[in-house]
Amino acid sequence: MARRRRAEKRVRPVDPKYNSELVSRVIRALMKSGKKTVAERIVYGALEEIEKKSGQDPIEVLDQAISNMKPKVEVKSRRVGGTTYPVPVEIRSTRQLSLALRWMTASASGRRGVQMPKAVAAELLDAYNQQGNVIKKRDDTHRMAQANKAFAHYAW
């Protein structure tokens with residue numbers, strides 16, 4: 001951990017097609033082995049698929065789906081007096097987005113027999129409708145934090 005100063009936040013470039021920082025974050029989350037053009041093709045194909053299936057603005061659907069995916073609390077392990085307790089902790093907004101994108105990428109790539117743009121579109125539409133694997137994962141995380149609420153006083 002740096003002791004001198006905080007790391008500066010870099011200005012992230014927006015994507016050229018939709019002029020959205022969120023779309024560029026999704027592209028970077030899907031990117032593997034530095035293949036950004038492949039990731040762009042997947043995300044743009046997924047957004048076109050969303051527009052075709054739902055008939056709504058794909059950016060609004062993406063924004064709502066990702067906000068539905070974001071977890072509010074998570075459980076972290078704290079060691080107190082030789083015992084490890086699962087302690088519920090609120091999550092910063094940057095980590096919420098990172099977790100949501102990580103879960104979405106894992107769920108989309110876990111759909112076998114479906115092309116990646118269609119899998120991403122299906123995951124986003126499921127999250128938009130409050131269902132699917134990512135929403136289940138978020139609910140499990142929230143349920144775990146709720147179950148361990150008794151240890152909340154160990155959070156510091």
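Buried residues make up 36% of the 156 residues in this protein, which is shown here as a predicted model. With the whole chain displayed, the C-alpha trace spans about 55 × 40 × 25 Å along its principal axes, and the accessible surface comes to about 10,300 Å², of which 48% belongs to carbon and sulfur atoms.

**The overall layout**

Colour the chain by secondary structure and follow it from the N terminus, where the 6 helices and 2 strands appear in the order α-α-α-β-β-α-α-α. Of the contacts with a separation of 6 or more, 59% are between residues 24 or more positions apart.

**Before helix 1**

Select Arg10, in the segment that precedes helix 1; this residue is exposed, because its relative accessible area is 78%. Then add Arg6, Lys9, Arg12, Lys76 and Arg92 to the selection, since together with Arg10 these side chains gather in a patch of positive charge on the surface. Over the protein as a whole there are 32 positive and 16 negative side chains, and the centres of the two sets lie 11 Å apart.

Move on to Asn19, which is also placed in the segment before helix 1, itself spanning 21-30. Its phi is near 55°, a positive value in a residue other than glycine, and with 60% relative accessibility Asn19 counts as exposed. A second residue to select for its backbone is Ser33, in the loop between helix 1 and helix 2, where phi is again a positive value near 55° in a residue other than glycine. Ser33 counts as exposed too, at 76% relative accessibility.

**Helix 2 and helix 3**

Helix 2 covers residues 36-54, and Glu51 is found within it. Glu51 is partly exposed, at 41% relative accessibility, and when Asp57, Glu60 and Asp63 are selected along with Glu51, a negative surface patch comes into view.

In the same helix, select Glu49 and Lys52, which lie 3 residues apart, about one turn of helix 2. Their side chains meet in a salt bridge, with an N to O distance of 4.0 Å. Which of these two partners is buried, and which is exposed? Glu49 is the buried one, at 13% relative accessibility, whereas Lys52 is exposed, with a relative accessible area of 67%.

Now select Pro58, in helix 3, which takes in residues 58-69. Pro58 has 3% relative accessibility and therefore counts as buried, the limit for that class being under 20%. Once neighbours within four places in sequence are left aside, the residues in contact with Pro58 are Tyr18, Leu47, Ile50 and Glu51. A distance drawn from Pro58 to Leu22, C-alpha to C-alpha, comes to 12 Å, for two residues that are 36 residues apart in sequence.

**Strand 1 to helix 4**

The next selection is the pair Arg95 and Glu74, which form a salt bridge whose closest N and O atoms are 2.9 Å apart. This pair links distant parts of the chain, with Arg95 in helix 4 and Glu74 in strand 1 (residues 73-80), 21 residues apart. Arg95 is partly exposed, with a relative accessible area of 29%, while Glu74 counts as buried at 11% relative accessibility.

Staying in helix 4, which runs over residues 93-110, select Ser107. This serine counts as buried, at 13% relative accessibility, and, not counting residues up to four places away in sequence, Ser107 touches Glu123, Asn133 and Val134.

**Around Glu123**

One of those contacts, Glu123, leads to the last stop. The side chains of Glu123 and Arg111 meet in a salt bridge, at 2.8 Å from N to O. Arg111 lies in the loop between helix 4 and helix 5 (116-128) and Glu123 in helix 5, so the pair ties together parts that are 12 residues apart in sequence. Arg111 is partly exposed, with a relative accessible area of 26%, whereas Glu123 is buried, with a relative accessible area of 1%. Which residues join Arg111 in one network of salt bridges that share partners? Adding Asp126 to the selection completes the answer, as Arg111, Glu123 and Asp126 are joined in this way. For the protein as a whole, the count comes to 8 salt bridges, among them the Arg111 and Glu123 pair.

Note on methods. Residues numbered from 1 in each chain as written. Predicted model: local features only at pLDDT ≥ 70, side-chain atom pairs only at ≥ 80, totals over all residues. Heavy atoms only, no water. Patch = residues over 30% accessible without salt bridge, like charges linked within 9 Å, V, L, I, M, F, W, Y side chains within 5 Å. Areas by Shrake-Rupley, 256 points an atom, 1.4 Å probe, with all protein chains shown as cover. Lys, Arg positive; Asp, Glu negative; His and termini not counted. Charge placed at Lys NZ, Arg CZ, Asp CG, Glu CD. Helix = DSSP H or I, 4+ residues; strand = E, 2+ residues; numbered from the N terminus. Buried < 20%, exposed > 50% of the residue type's maximum accessible area, 1.4 Å probe, protein only. Contact = heavy atoms within 4.5 Å.
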